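Please open the model in your viewer and keep the selection tool ready. The stops below go residue by residue, and then on to the enclosed spaces and the whole chain.

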Amino acid sequence: MGWPFIGETLEFLSPHRSNSIGTFLQQRCSRYGKVFKSHLFGSPAIVSCDYEFNMFILQNEGKLFQASYPKAMQGILGQYSLLIVSGEHHRKLRGIAVSFSAMSKSSPVFHSRIEKLAFSMLESWRGRREIAFLEEMKKFTLSLMVKTVLSIDPEEPVAMRFLQDFRTYMKGFISLPLNVPGSAYAKAVKAPARTCSNDGNCGDGITTTSSGEENGDFLEVILSKHSSIRQMNDDEKVSSVLDIVLGGYETTSTLISLIVYFLHRSPAALLAFKEEHEAIRRNKGKGQPLGWEDYQKMDFTRNVTKEAVRCGNLVKFLHRKALQDVEFKGHLIPRGWKVLPVLAGPNLDPSLHHDHLQFNPWRWTDKEIGKKTMGYGGGPRVCPGSDLAKVMVAFFLHHLVLAYRWKVKEDEYPIAYPYVEFRNGLHVEIEPVESHV
């Protein structure tokens with residue numbers, strides 16, 4: 001069970017390649033099996049790398065288990081974050097995120113916005129031989145989400161302040177939880193309130209216009225259509241805004257970067273990927289924008305995305321707590337113990353996946369693969385914005401693969417820290433493609 005209080009937390013969080021489960025889990029699973037006990041985040045815990053066990057935990061959300069994130073994270077996220085709340089409160093706030101995703105993903109306004117920002121970013125690379133790709137993707141996704149959620153153009157001064165405060169907010173997640181003046185954690189705790197006071201669009205500042213949907217101001221429309229949502233207090237509205245921006249920013253920018261990384265190391269997959277997008281472009285008029293029907297033709301692109309999620313493990317594990325004594329598959333989970341379903345476990349399980357460490361998008365032609373992976377979680381808390389993220393990824397990569405060739409530096413690889421980062425920020429050498437189809 002490790003050291004007093006901290007238990008085995010430091011070993012559990014030790015950085016490792018994200019396309020592996022890491023030495024700690026490898027050793028424990030080899031010695032004790034896929035489900036074992038430990039002491040993590042200040043509490044006795046059950047850790048699971050088993051697919052059936054994980055799904056049992058996630059599907060019994062609110063019945064046998066509930067979300068139980070460390071107090072340090074709760075201090076940053078706030079009491080109304082979608083990650084923290086449970087029961088009816090969770091269903092209400094989740095409804096906002098689901099509605100936002102459903103309304104945005106097939107909207108021509110949103111598609112146009114993605115392409116406009118993509119064109120701008122790709123054009124800014126002209127004349128450059130190397131870029132810090134992950135940092136560029138964070139700029140792209142954050143600008144897109146700020147514009148879509150808050151109707152703020154990236155060039156506006158208020159957008160710059162929002163981005164600065166939001167990054168302060170993000171740094172808190174990987175800082176020591178020392179709530180003392182000047183610390184990264186203390187700054188992160190204060191960032192949400194400052195963020196929304198800066199932009200003037202959170203809380204009571206969110207207004208409704210009849211043309212909101214046509215203009216792409218989807219959050220305004222959602223807030224206006226549901227009476228229960230209109231009754232939310234300012235803190236709840238602020239949390240909803242930050243949850244949606246966080247979901248569309250952090251994991252989406254990392255996912256695009258993972259795809260670029262894995263495609264570089266799989267020439268056959270890159271060739272098939274490029275051919276799919278060239279075929280889509282040939283069937284469109286010059287300069288004609290992408291639409292929902294084009295996205296639906298991107299079958300291989302979606303398989304590439306799912307395989308990057310499986311191999312790269314955007315979210316390594318989740319925090320849960322047992323509400324009562326629970327027994328499953330011969331294991332007893334005592335009431336009050338933490339339960340950590342490790343999503344990377346089933347994703348990289350050699351008993352579930354042939355050549356489990358190999359990036360192979362073609363494996364997804366087998367529809368059963370989706371029943372053996374846990375890329376977006378499961379149960380009532382499955383990621384509400386995953387479909388929206390896939391559209392953002394596909395549209396950006398459509399233009400990237402037609403406009404540039406790229407080469408990833410040999411010493412680059414993704415690291416679970418515990419959130420996925422790249423060893424050196426994913427520095428990529430780029431070269432323009434002569435004929436953009």
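Select Cys-383 first in this predicted model: its relative accessible area is 33%, a value between the 20% limit for buried and the 50% limit for exposed, and therefore Cys-383 is described as partly exposed. The residue sits in the loop that runs between helix 17 (344-347) and helix 18. UniProt lists Cys-383 under "binding site", in an unreviewed entry, and that annotation may be inferred rather than shown by experiment. If you display its surroundings and set aside the neighbours within four places in sequence, the contacts of Cys-383 are Arg-94 and Tyr-376.

Keep Tyr-376 on screen and add Lys-390, which belongs to helix 18 (residues 386-403). Apart from neighbours within four places in sequence, Lys-390 is in contact with Tyr-376, and also with Tyr-295 and Thr-305. Is Lys-390 buried or exposed? Its relative accessibility is 18%, and because buried means under 20%, Lys-390 counts as buried.

Move next to Tyr-404, in strand 10, which spans residues 404-408. With a relative accessible area of 2%, Tyr-404 is buried. Which residues surround this side chain and backbone, once neighbours within four places in sequence are left aside? The contacts of Tyr-404 are Leu-122, Trp-125 and Arg-126, together with Ile-430, Glu-431, Pro-432 and Val-433. For one of these, Pro-432, the separation along the chain is 28 residues, while the C-alpha atoms of Tyr-404 and Pro-432 are 4.4 Å apart. For another, Leu-122, switch on the backbone atoms: its backbone oxygen is found 2.8 Å from a polar atom of the Tyr-404 side chain.

Select Ser-107 now, in the loop between helix 5 and helix 6 (108-124). Ser-107 counts as buried, at 9% relative accessibility. A polar atom of the Ser-107 side chain lies 3.2 Å from the backbone nitrogen of Val-109.

From here, turn to the enclosed spaces. Rolling a probe the size of a water molecule over the atoms shows where empty space is left. How many cavities of 30 Å³ or more does the structure hold? There are two.

To find the largest cavity, which contains about 40 Å³ of space, select Leu-82, Leu-93, Ile-96, Ala-97, Ser-240, Asp-243 and Ile-244, the residues that line it. Colour helix 5 (87-105) and helix 13 (234-264) as well, since each of these helices contributes at least two residues to that lining. Coloured by class, the lining of the largest cavity shows five nonpolar residues, one polar and one charged.

The second largest cavity, with a volume of about 30 Å³, is located by selecting Phe-12, Leu-13, Ser-14 and His-16, then Lys-316 and Phe-317, and finally Ala-416 and Pro-418. Five nonpolar, two polar and one charged residues make up the lining of the second largest cavity.

To finish, clear the selections and view the protein as a whole, with its 18 helices and 13 strands. Of its 437 residues, 54% are buried. If you draw the contacts between residues at least 6 apart in sequence, 72% of them join residues at least 24 apart; the pair Tyr-404 and Pro-432, in contact and 28 residues apart along the chain, can be left highlighted as an example.

Technical notes: Residues numbered from 1 in each chain as written. Predicted model: local features only at pLDDT ≥ 70, side-chain atom pairs only at ≥ 80, totals over all residues. Heavy atoms only, no water. 1 Å grid on protein atoms, 1.4 Å probe; cavity = no way out; pocket = protein on both sides within 12 Å on 5 of 7 lines; lining within 4 Å. Points joined across faces, edges and corners; volume = space filled by probe spheres on them. Helix = DSSP H or I, 4+ residues; strand = E, 2+ residues; numbered from the N terminus. Nonpolar A, V, L, I, M, F, W, Y, C, P; charged D, E, K, R; others polar. Buried < 20%, exposed > 50% of the residue type's maximum accessible area, 1.4 Å probe, protein only. Contact = heavy atoms within 4.5 Å. Polar contact = N/O pair within 3.5 Å; in protein donor to acceptor, adjacent residues only side chain to side chain.
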